[in-house]
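Here are a few notes to go with the structure, in case they help as you look around. I have kept them short and ordered them from the whole chain down to single residues and strands.

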Amino acid sequence: MKKKLAFPRLLAALLPLLLLAAALALPAPALADSISDRVKQVSAEEQAELLENARIGVHLGGLTSVYAERDYPNADIQQFDNITDIAAALEAGRLDYALQPKCTAVLFMRSNPGYTYLSAGVYEFDNRFAVSKDRSDLREQIDAVLERFQEDGTIDAIHKKWYDDADYSMDDVPVREDGEVLTAAISSGSEPVMFIQDGEPAGCDIEIIMRVAYELGMRIQFYDTSFSGELAAVVSGKADVALGYAKTEERAKQVDFCENLYMQPWVAMCIDDEAATPTFFETVASNFESTFVVEGRWKMIASGLGVTVTIALGAFVLATLGAALLSWMRSRGGVPSAAARAYVKIVTGIPVLVWLMLLYYVVFQGVDISAVVVAIICFGLEAAAPLSGIFTTGLESVDGGQVEASLALGFSRMDTFRRVVLPQAARSIWGLYAGQLTSLIKGTSIVGYVAIADLTKVSDIIRSRTFQAFFPLISTAVVYFVVIALFAWLLGLAGKRLDPKRRKPEVILKGIATR
């Protein structure tokens, strides 16, 4: 019999990465020098006709979703959580246009030859900081600083640097090392407003709030979440101020707004059908470099992977303990059994994302607890429910006659469980038990909703910088596949020690034979 490879799936998974590395030697695709020459020139009337029956992508929870539905009632308005998802839909042909800030559209065009926008502007919104209604004192302090910044030209200079000059430098921003903490909620997918650069928050609004915090004698701290989650963070007390919002009557009912920083023009971005298409290998080389090499982004991916594995392993341990408790309660009958069954029904009847949001924003509201710890608790309690059913099935699969024989031989119930029941039950359910860990690794991909920089969240951050719709996603999928295959392989090795038929002859106890 031929000897099988110990880990063929891992080798197969690494092959695409090797091909991508080889493609790095190829030159990156050339982009047009002038952005203005690539803008699609249309009048306001022509633009209205183009958008009237089009498929339009907008930001979830943004003003564009409200205004687009009002102004283009016949259009198919689709809401997305971030710009990178909108870009993916545009590139896949699922959208005709995307309503984006003009600065974002320009950045897309600088990074990719296949994008353009309509010259007639769509909307113009104000841009403000939002503060909790319980912190009117903080809003007044911020407004006083912003007023000085407006008068001495500080905000105009910062806006010009980030928007007009594209000077992405944060070196001259002063920072307090002590003092009261000012937590700012951001959504790091809106370059040049707020984004992640060299692993740290950067952007026009980031610099402004950092300077405000310095003037107030406060130490700045950032809370990176989704755009729709910023206001939730302020209302729940997880953050003191939210960045990048336009003031509306509905939003003003939840939070207070500071003075306007500047006006933000929005345009209709689309695919440029007339743009030259780079070759496949040129695209791969350019995408690989911008995803992994530029700004050392592979370190962000490694860090995100570490967070993902930490949450999954921590939740798996907690789920194992919880499942053991639930299984014991089921075996007791009466009230304990009814309570265990009720727990399983409640937990499995509500999506884990809802549990995660409830735990973080409601149960632990105002509690100084790490979001990673909350995620471990959430996924551990959720995974304990199905795992308890697996444990119960395994225990019931052991023949009751063996238990009676063990007790008749003088073994205690604890020794009977440890030496007779548990080994056989573990052997019968090991595959299902191990599968729960791989499910947890994949399931943790939603923790970015509570500002955790896991592997998926890091992928979104990178996409928001590179404006590449698919390559970071494919790279993330490869990393997930490799990690899950590795854990499956390790768990498979552990499973062999439980099954005498799969053990090596030298580790089987003498005098015991397998059939």
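**Notes on the model**

1. Please keep in mind that this is a predicted model. The protein has 515 residues, and 48% of them are buried. Its secondary structure consists of 19 helices and 12 strands.

2. For the surface, the accessible area of the protein is about 25,900 Å². Carbon and sulfur atoms hold 57% of that area.

3. If you like to think in contact maps, take the contacts in the protein with a separation of 6 or more: 77% of these are between residues 24 or more positions apart.

4. Now to the interior. The largest nonpolar core has 61 residues, and within this core F379 and I441 touch the most other members. Helix α15 (residues 371–396) supplies the largest share, 10 residues. Another core lies apart from this one; it has 56 residues, including L90, I158, I186 and M218. As general background, nonpolar side chains tend to be buried together in soluble globular proteins.

5. F379 is a nice residue to centre your view on. Leaving aside residues up to four places away in sequence, F379 touches I311, A315 and V352, along with L440, G443, T444, I446 and V447.

6. Lastly, have a look at strands β1 (residues 55–59) and β2 (residues 76–80), which run parallel and are joined by 5 bridges. I56 has I77 as its bridge partner in β2. Together with helix α3 (residues 63–71), the strands β1 and β2 form a right-handed β-α-β unit.

Notes: Residues numbered from 1 in each chain as written. Predicted model: local features only at pLDDT ≥ 70, side-chain atom pairs only at ≥ 80, totals over all residues. Heavy atoms only, no water. Core = buried A, V, L, I, M, F, W, Y, C linked by side-chain atoms within 4.5 Å. Buried < 20%, exposed > 50% of the residue type's maximum accessible area, 1.4 Å probe, protein only. Helix = DSSP H or I, 4+ residues; strand = E, 2+ residues; numbered from the N terminus. Contact = heavy atoms within 4.5 Å. Pairing = 2+ DSSP bridges. Right-handed = clockwise from strand over helix to strand, strands pointing away. Areas by Shrake-Rupley, 256 points an atom, 1.4 Å probe, with all protein chains shown as cover.
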